[in-house]
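Good morning, colleagues. Please turn to the sequence and the structure on the screen, and I shall take you through selected side chains and their contacts.

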Amino acid sequence: MDQERLYEQLFSMSLTPMLIMDLNGEVQALNDACAHLFKKEKKQLLSSNVFQHSSQFLIKKADIAPLHSHEEEVVVLNKQINQQVPVHIHIQRMKEQPHLLVVQWKEFSSSFEKQEEVIRKMKQYKQFVKQSQDAFIVTQEGKIQYINPAGVRMLGGTKKEDYLGRYWLHFIHPEHLEIVKKRMNQLMKGMSIRPRAEVKLLTKRGVVSIESSETKIKFKGEDAIQYIIRDVTDRKKYDEMASESEKLMMVSKLAAGVAHEIRNPLTAVKGFVQLLNASQQYNKSYHDIMLEELNRVESIIQEFLTLAKPKSEHPFKKKSLHQILSHVTLLLTTHANYKNSEIKSFLEGDIEILCEENALKQVFINLIQNSLESMDKGVVTVRTEKRNGYGVVTIEDQGCGIDEQSLARLGEPFFSTKQTGTGLGLMVSYQIIEQHQGHISFTSQIGVGTKVEIAIPHVKEPVNV
């Protein structure tokens, strides 16, 4: 028996009332169950037009309007006039012949009002997805089964048919391919994943940066993954510009202090050279002091130059949190002296973290500098400790403090408690720490001071068994 004849028999024998009509409502075929539902002969129904007898078929022309705009299926809920039985009507396109529609009627014993509310919400959700500026993409077994207009635009296309059936992974940038694969596998196994992921896509528009969240759903009765995606390419460019701008602002503020700090040891070296020249004798103590001063100059210059280096795109490296903070406090000591203030460090042990060193230095310089600028005179205390899998850095000052309303807005762009501040420094700092899978928290009291805690996951030491 050929496949076409088998389908005809299944259609005829089905207990679900079904008919086939064209987009104009002309009935092309129906089964016995459909004739039984309407209590009429099949020949009589075959000569009918569904839209002209809408009170009988319970379908209006407006009901199939979404199918004209390439929707695959619509659902209508109605009641038979005589029997008052709620009926769930599925109208679906035939894949092989898209000008023909398959209509199925199913009776429901549950509350009609409840079913009607479900259908209404489904329609609202579909409308929301179609009009959303975020891309909605549904995949099954890795292939795209649904994509909304925003998704088509994001990938640089003009119609969804260009993408349906294509593998989603083909659009993922190679550097993020393994991450996306891992998230897909974890999701399909019912495992929890991080709510959001930032990855790059390969599109007709070029490389696009996106922020994506994924959910496991049922799509046409089968397991699927729904992606809600936002294009953040422009935002990433702005963030990079803001980061570089803030970095240059910090460099300019530190320049005068660094120049002064370098001048002092150079003056000492110059004086000892003159003394050696006058005495014409080697003096080991002079030699040791000059080397020590020159080493100090070298370390200050090195730390100053790291601020001008562009952000590295290489993977995070294992670094010592103790060493990073030591370098930062060395660089800011002069600035503290100018403010009649002092930086005290209490660095407990050595805490190793995976990080981008220059980015973290930028964060710590920003936060310590903010603490120094909040005081006319006082002490900034820097502490480190291990806590619940994190390396925690605490920076505490004796400044003017921040009120609760302003505290809640810290990190917003262009909001600052300083008269000349832009707020971009803290915004960039938040983003850098978030990229390191960490978090920042502030506590403050007016007239007492402010404490900020930066927590970054530390590298766990291997357990010897």
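In which helix is Leu 6 found? Leu 6 belongs to helix H1, which covers residues 3-13. Please bear in mind that this is a predicted model. Leu 6 is partly exposed, and its relative accessible area is 39%. Together with Tyr 7 and Leu 10, Leu 6 makes a nonpolar surface patch of about 310 Å².

I now turn from nonpolar side chains to charged ones. Side chains of opposite charge can pair when their charged atoms come close. How many salt bridges does the structure hold? The count is 13, and I shall discuss some of these.

I begin with Glu 214 and Arg 183, whose side chains form a salt bridge at 2.8 Å, N to O. Glu 214 is part of strand E9 (residues 206-219), while Arg 183 is part of helix H8 (residues 177-188), so this pair ties together parts that are 31 residues apart in sequence. Are these two side chains buried or exposed? Glu 214 is buried, because its relative accessible area of 13% falls under the 20% cut-off. Arg 183 is buried as well, with a relative accessible area of 8%.

The next pair is Glu 396 and Arg 383, which meet through their side chains in a salt bridge of 4.0 Å, N to O. Here the partners come from two strands: Glu 396 lies in E15 (residues 390-396) and Arg 383 in E14 (residues 378-387), so the salt bridge ties together parts that are 13 residues apart in sequence. Glu 396 is partly exposed, at a relative accessible area of 34%. Arg 383 is also partly exposed, at 38%.

Strand E14 appears again in the following pair. The side chain of Arg 387 meets that of Glu 453 in a salt bridge, with an N to O distance of 3.2 Å. Arg 387 lies in strand E14 and Glu 453 in strand E17 (residues 449-457), so parts that are 66 residues apart in sequence are tied together by this pair. Arg 387 is partly exposed, with a relative accessible area of 31%.

Finally, which residues are linked with Lys 216 in a network of salt bridges? They are Lys 218 and Asp 223.

To review, we have considered the nonpolar patch that includes Leu 6, the salt bridge between Glu 214 and Arg 183, and the two pairs that involve strand E14. Thank you for your attention.

Conventions:
Residues numbered from 1 in each chain as written. Predicted model: local features only at pLDDT ≥ 70, side-chain atom pairs only at ≥ 80, totals over all residues. Heavy atoms only, no water. Patch = residues over 30% accessible without salt bridge, like charges linked within 9 Å, V, L, I, M, F, W, Y side chains within 5 Å. Areas by Shrake-Rupley, 256 points an atom, 1.4 Å probe, with all protein chains shown as cover. Helix = DSSP H or I, 4+ residues; strand = E, 2+ residues; numbered from the N terminus. Buried < 20%, exposed > 50% of the residue type's maximum accessible area, 1.4 Å probe, protein only.
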